[in-house]
Amino acid sequence: MDQPLTGLDVETRRHFNEVLDAIVASGIQVIMTTSPEEIPDAITHVAIIENGKILEAVEKTAFHPSDLVHHAALSQFDHQKLDAFIEKKPIEMYQELVKMNQIHIQYNGNVILDKVNWEIKQGECWVLRAIMELESLPC
């Protein structure tokens with residue numbers, strides 16, 4: 001599995017972990033890529049890979065995300081490799097990356113977005129944040 005938790009909300013992550021636990025309990029081996037902070041409980045070992053080779057493999061209980069800074073492959077970003085890659089296939093110019101008209105999103109009976117028009121143009125970076133109205137509760 002490649003980054004299976006990306007984009008999942010808290011409840012769906014919980015359900016995913018339950019399913020993963022059942023898969024592992026059935027005897028099926030699971031290999032996944034994920035961020036160090038999102039390693040599911042069902043995962044028992046962690047491997048650090050560079051250029052297709054395992055640099056280190058440890059039991060998850062012995063793995064600490066802070067240890068990653070000691071691995072050159074993970075602590076240093078090679079901008080020259082990225083530049084060379086981009087030169088092979090330059091980024092195409094575009095005006096709109098995303099354009100939504102009258103979008104309605106509902107999740108578990110709650111309206112998340114309603115009649116939203118939104119456009120994201122090249123070079124723009126956005127964060128979508130929900131603002132919740134809180135009721136004043138008696139102490």
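**A colleague's note on salt bridges, a pocket and a surface patch**

1. Let's start in helix H1: Glu11 and Arg14 join their side chains in a salt bridge, at 2.3 Å from N to O. Do keep in mind that this is a predicted model. The two residues sit 3 apart in helix H1 (residues 10-25), so about one helical turn separates them. Glu11 is partly exposed, at 42% relative accessible area, and Arg14 is also partly exposed, at 39%.

2. A search of the whole structure gives 6 salt bridges. One of particular interest for the strands pairs Glu119 with Lys99 (3.9 Å, N to O). Glu119 belongs to strand E4 (residues 110-121) and Lys99 to strand E3 (residues 96-107), so this pair ties together parts 20 residues apart in sequence.

3. Glu119 has another partner: Lys121 forms a salt bridge with Glu119, with 3.6 Å between the closest N and O atoms. Glu119 is partly exposed at 28% relative accessible area, and Lys121 is partly exposed at 39%. Through shared partners, salt bridges link Glu96, Lys99, Glu119 and Lys121 into one network.

4. Now for the largest pocket, which holds about 710 Å³ of space. Its lining has 22 residues, and Met32, Thr33, His45, Val46 and Ala47 are the closest to the centre. Strand E1 (residues 45-50) contributes the most to this lining, with 5 residues. By type, the lining comprises 15 nonpolar residues, 7 polar and no charged.

5. Last, please look at the surface patch formed by Leu82, Phe85 and Ile86: it is nonpolar and covers about 270 Å². Phe85 lies in helix H3 (residues 79-88) and is exposed, with a relative accessible area of 59%.

How values were computed: Residues are numbered from 1 along each chain as its sequence is written. This is a predicted model: local features need pLDDT of at least 70, side-chain atom pairs count only at pLDDT 80 or more; totals for chains, interfaces and linings use all residues. Side-chain values use heavy atoms; hydrogens and water are left out. On a 1 Å grid over the protein atoms alone, a cavity is a set of points where a 1.4 Å probe fits but cannot get out, and a pocket is an open set with protein on both sides within 12 Å along at least five of seven lines; lining residues have an atom within 4 Å of a point. Grid points are joined across faces, edges and corners, and a volume is the space filled by probe spheres set on the points. Helices (H or I, at least four residues) and strands (E, at least two) are DSSP runs, numbered from the N terminus. Ala, Val, Leu, Ile, Met, Phe, Trp, Tyr, Cys and Pro count as nonpolar, Asp, Glu, Lys and Arg as charged, and the others, Gly among them, as polar. Patches are made of residues with over 30% relative accessible area and no salt bridge: like charges are joined within 9 Å, nonpolar side chains (Val, Leu, Ile, Met, Phe, Trp, Tyr) within 5 Å. Accessible areas come from the Shrake-Rupley method with a 1.4 Å probe; for residues, only the protein chains shown count as cover. A salt bridge is a side-chain nitrogen of Lys or Arg within 4 Å of a carboxyl oxygen of Asp or Glu. Buried means under 20% relative accessible area, exposed over 50%, partly exposed in between (1.4 Å probe, protein chains only).
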